[in-house]
Amino acid sequence: MSAHSEHAKSPLKMYFAVWAALLAGTYITYKVAFIDLGPFNPVVALGIASIKATLVALFFMHVYHAGERLTKLVVISALFFLMLLLGLTMADYATRLWS
Amino acid sequence: MAKAITQPVERENYLNKEYGVWSWLLTTDHKRIALLYLISITFFFFIGGFFALLIRLELLTPAGDLVQADTYNKLFTMHGMVMVFFFLIPSIPAVLGNFLVPMMIGAKDLAFPRINLLSWYLYIIGGMLMLHCMLTGGVDTGWTFYTPFSTAFSNTKVVEAGIAIFIAGFSSILTGLNFVVTIHRMRAPGMTWSRLPLFIWAHYATSIIQLLGTPVIAVTILLVAAERVLHLGIFDPKLGGDPLLFQHLFWFYSHPAVYIMILPSMGVVTEIIACFSRKRIFGYSFVAFSSIAIAVFGFLVWAHHMFVAGISVYSALVFSFLSYAVALPSAIKVFNWTATLYKGSIHYDAPMLYAFGFLGLFTVGGLTGLFLAALGIDVHVTDTYFVVAHFHYIMVGGAVMGYLGGMHFWWPKISGRLYPEGWARLAALIVFIGFNLTFFPQFVLGYMGMPRRYYDYSHMPEFQVLNVLSTAGATVLGVGYLLPMIYFLWSMRYGKPASDNPWNAAGLEWKTASPPPTFNFDVEPVVTWEAYNYDELDAPHHQEVPVGR
Amino acid sequence: MAAHVDALFIFLLIVTGMMALLVFALVIFFAARFRHRPGVRAEQIEGSHALELTWSIIPLGVFMVIFIWGAVVYFKERTPPTDATEVYVVAKQWMWKVEHAEGQREINELHVPVGRDVKLIMTSQDVIHSFFIPAFRIKQDVLPGRYTVEWFRATKPGTYHLFCAEYCGTQHSGMVGDIVVMEPAQYEAWINGTSTGPLSASGEKIFAELGCSTCHRSDVQGRGPNLQGVYGRPVQLADGRTVTADENYLRECILDPGSKRLKGFQPIMPTFQGLVSEEQVNALVAYIKSISDAQPAMGEKTSAGSRLPQPLNDNERANAQPMEPGLKK
Amino acid sequence: MAHNPALLHHFATEQQQRNSASLGMWVFLATEVMFFGGLFCAYLVYRHWYFGDFAAASKSIDATLGATNTAVLICSSLTVVLAVWAAQTARKSLLVAMLAVTMLFGLAFLGIKGKEYYDKFEEHHVPGASFSFDNVEIPGHPGEYAVPRHAEIFFSLYFIMTGLHAVHMIIGLGIFSWLLYTAWRGRFTPEWHTPVEIGGLYWHFVDIIWIYLFPLLYLIDRHP
């Protein structure tokens, strides 16, 4: 039968919980941006964004319940190559003598 | 060694099942789409080749006397764009890969046949736009689109060419997407990863690059177009933008793109060498994983195109080091192919001649890559004819040799006819000689200091002798490329009918009819043997057991 | 430099030639020895981990030797000696404009004396170009909006090719010129015969004309930092970073004063972007460098006929410390 | 299992077809990551170089509108996931309703985005000949003014990043119109609702891109 028979119990509660967490995250990001945390402002902002993105991917996009590792592999390799692009490019900009 | 058969009644196959233009233009059969690609990339190959001949003719004499400076600049730009984006990148994947990937893994079709057709249409739309751009004035930025020349100074059709490449890029992405999903999901029972032909491994690695690299150049081209049309300045030095950022983003795709061209060719050559040595490939798993290693490491080395561009010394060191890391898997492949010949039973049919040619030319191309990755030497030879010679050894000596070898090898399967073997061997020889005559002198020219993209070298007439040699070679090469087109067309009508397995080759594609039926196999094949089981095939009393017939 | 590059090149030719010959010889030998004979079947060989390791590790070792050697040569190519004679180059479609520190201007020609280190400080007015002297084995892209640097030491008098090696538009192949290497005595005569006053002097004039000297005073700390002795020193920026005040930094401060402002100064300097030409920026940079004490080996330059100002005396040196924090007006 | 007319000829089982479609969408989303990755790379470089100017330019955008839009997209993600659940559990009217609500949220997002663009146009913050960003103080550095040229780079990035995101939203609305029509015709069953699932994946992905764009573009250096 359906591939989703594993979710025998209704996932609705989880969906609403994730939704509430996402909204809370948005509110916190917005409020924290107006507080001076020194160098930690971008860290907090991007940290919350990453948590939100992970929540969406894991629960709304069902990566958490994916039957096989392949989906996770695709996600991880996309992020890996993104980091290569950003990391190696910034490696140049961070080490240019004149800046 | 090819065996012909006479067949009184023609079986139903993918070619004769339906007739009429619409049966082709609306087909979702991967084999028919492969033929659509074959026709279209051949068209663009000869357009690009025509530009190349004009370039070589201009360089016959030091003075700029055949064409004008602007025309010459457009010629090499459009030669590069057409050959890279409309011939080399789709060449093996979209023709041979499209035809063979489903058959080799025992599937009826690619996972998304309609997306496959869509990707051909995208290619054609991109190609038509490129053609329109060329016919109405062309573009002169060099295929590299370097800013700020492309964004603020060139007054040619940069945006149109960019959009053409953007669309063709989408076609490439969709092809790669189809291959990845097909290889993961559509393998026949028993076709495990370790039983896959190395051609499939090569295409899997290629698809990774197509999927993860192409989007970056797509967005980069969009940024150039936005800067040109909407004046959104991202790379504009007048606003404080950095032209080198464009080069980073451009080469993030365009270096791995070289592996999109060469990896499938490596896959083809692996199949050919195994078949004509009658042997299992030496070090199967090393050859398989070196394909993946090339795809991954290929993304780590892009800035070796920028050693003199003004990047930091430290990142130049890192990129030089990583460039040697990507040289290693290529070397491993060459050694394994060579070792496969050892104690083989080697036949000299035309595909094998192309494979030998590939081995020789790719080795030279790869080794000259070591020169370019060495920082101290790169400073001198980059942007000279040394680089031009190097990448033609890889892309033409490597990729095109593999493509032609593969076309000969699988032509009986594709067309159901045998090509004329004598002519084919002659053509392979002409291509090899013509190629070396064209491009070897360019290594010397480059080290002597002749910069690329010069249409007039009257300031340095000492370069003429080598340029004349190169032009002579290009003429020979042109003949060598025309010959196969002529006898392939001839054989479609007059060639002897081919048996199902004229080479007695291993691989599922040879276990079905030539040409194959629409769904490739009459019953789903079940694989019970390892790849390259030439030992069994050559056993004295071996009886070909059709699977899936 | 050419000798270093050629040595590495010959080493690579030998090494890669041996690799290629090995592969070709094996392929040809196997192809002939194991050609198909009726009745003889191929012998199946699975592979060999020992062999795979051998032909991975040996090439890797060779590669590392090439990498390190190449990197060493590159470091030499990329590190101009501090006492090199400086020449400013402005590239535009499609010509090279050259300005010597002594004030001579040339187009598509560069006269240099034999045996002296020459440092080129280059920028472009429009697109990317590349200053390529094949005989000296050096090349460096010339970018709009910033300086790039390359250097060489000519060892034999003669005339050498100068090429633009980065495609730059219609007359790219016409953007060629000559490097004229002269005996020191001849060069001396040439430079004295054509001089129009040092570049730093015209820089000083521009400095005064543009009113720079009202804020950047040379005697005391003005509203802007005192520029005596700035060049070549690490300076602390308002945002806390420390950078070296090299040519590119000075250039940015003229065209883009806000972005890398010194610590302790108000952001009051207007931008000169679009108000000064590339040549004028070069002259200003040359002037600011000339009033710095970070110019070692002055003696060699003076003997070569340079008319750069003398080093600062101790009293001036005491004033020339503008980069310390807390020196706000 | 009854033979489903939606099973394409070249697949052996429905399971294989469903898995292929889902893998295909995931792989496509990986390419989308790299597509936006090029933009993030450009953003990172210039933010590193011109932080103060970026902060000043960022402050000129209405963060409340941005936060509202984030909330709108998060709500739309919830309705998408409810739509998928409705399709799995054969609740046709809920499916239709959720798809419709999702589209309304999407339109609301684009509307708010349009308001933002209009404001920028009014303030001459659209890069080009009429761009003007004079005498804007850098946050936290009184008396210091942003360099208009560098702010222009920020706004170029702002318009390209949000613009391409909006294009993705519009494509998403197109996909959802088709889903809505097909759902209304009752074509989706618990056995076959792959389009709803993979359309949903796409929508969530566009949401995730926005989750990053919001702090990167709107909240660079807001604190007084």
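**Note on a predicted three-chain model**

1. Let's start small: Val87(C) sits opposite His100(C) of β2(C). Strand β1 (residues 85-92) of chain C and strand β2 (residues 95-100) of chain C run antiparallel, and 6 bridges join them. Element names follow DSSP runs numbered from the N terminus: helices are H or I with at least four residues, strands are E with at least two.

2. Some housekeeping. This is a predicted model, in which local features need pLDDT of at least 70 and side-chain atom pairs count only at pLDDT 80 or more, while totals for chains, interfaces and linings use all residues. Residues are numbered from 1 along each chain as its sequence is written, and chains are lettered from A, with ligands numbered from 1, in the order in which they are written.

3. Now the sheet that holds those two strands. Its order is β3-β2-β1-β5-β8 in chain C, making an open sheet of 5 strands with mixed pairing. At the edges are β3 (105-107) and β8 (148-153) of chain C, each paired on one side only. Going from one strand to the next, the twist averages 25°. Helix α7 (residues 278-290) of chain C packs on this sheet, where α7 touches β1, β2 and β5 (117-124) of chain C; the direction of α7 makes about 165° with that of β1(C). (Two strands pair if DSSP finds at least two bridges between them. Axes are lines fitted to C-alpha atoms, for helices over the stretch in contact, and angles run from 0 to 180 degrees between N-to-C directions.)

4. Chain C has another open sheet of 5 strands, also mixed in its pairing, with the order β4-β10-β9-β6-β7. Why is one side of β4 (109-113) and of β7 left without a neighbour in the sheet? Both stand at the edges of the sheet, so each has a single partner strand. Ignoring direction, neighbouring strands here are turned by 20° against each other on average. β4(C) runs parallel to strand β10 (residues 177-182) of chain C, with 5 bridges joining them. In that part of the sheet, Pro113(C) stands opposite Met182(C) of β10(C).

5. Helix α4 (residues 199-209) of chain C deserves a look. Its buried residues are Leu199(C), Ser200(C), Ser202(C), Gly203(C), Glu204(C) and Phe207(C). What do the buried residues of α4(C) pack against? They meet β1, β2, α5 (212-215) and α7 of chain C. Following α4(C) comes Gly211(C), with a positive phi near 80°. (Buried means 20 or more other C-beta atoms within 10 Å of a residue's own, exposed 12 or fewer, partly exposed in between; C-beta atoms are placed from the backbone.)

6. Tyr147(C) is in the loop between β7 and β8 of chain C. Is Tyr147(C) buried or exposed? It counts as buried, because it has 24 C-beta neighbours inside 10 Å. Beyond its neighbours within four places in sequence, Tyr147(C) is in contact with Ile121(C), Met122(C), Thr123(C), Glu247(C), Asn248(C) and Arg251(C). Contact here means C-beta atoms, placed from the backbone, within 7 Å.

7. The domain assignment splits chain C into domain 1 (85-194) and domain 2 (199-319); such bounds come from an automatic or database domain assignment. Their contact takes 16 residues from domain 1 of chain C and 14 residues from domain 2 of chain C. On the domain 1 side, β1, β2, β5 and α3 (184-194) of chain C supply at least two residues each. α3(C) gives the most to that side, with 3 residues.

8. Between chains C and B, the contact takes 69 residues from chain C and 73 residues from chain B. On the chain C side, the elements giving two or more residues are α1 (2-33), α2 (49-78), β6 (129-133), β7 (138-142) and β9 (158-164). Which element gives the most to that side? That is α2(C), with 15 residues. The chain C side divides into 38 nonpolar, 18 polar and 13 charged residues. (Ala, Val, Leu, Ile, Met, Phe, Trp, Tyr, Cys and Pro count as nonpolar, Asp, Glu, Lys and Arg as charged, the others, Gly among them, as polar.)

9. Finally, chain A: it has 3 helices and 0 strands, and buried residues make up 30% of its 99 residues. The axes of helix α3 (residues 69-95) of chain A and helix α10 (residues 313-341) of chain B come within 7 Å and cross at roughly 150°. That makes the two helices, α3(A) and α10(B), roughly antiparallel (over 145 degrees; under 35 is roughly parallel, 65 to 115 roughly perpendicular, the rest oblique). Ala91(A), Asp92(A) and Thr95(A) of α3(A) meet Tyr314(B), Ser315(B) and Val318(B) of α10(B).

Methods
Contact = placed C-beta atoms within 7 Å.
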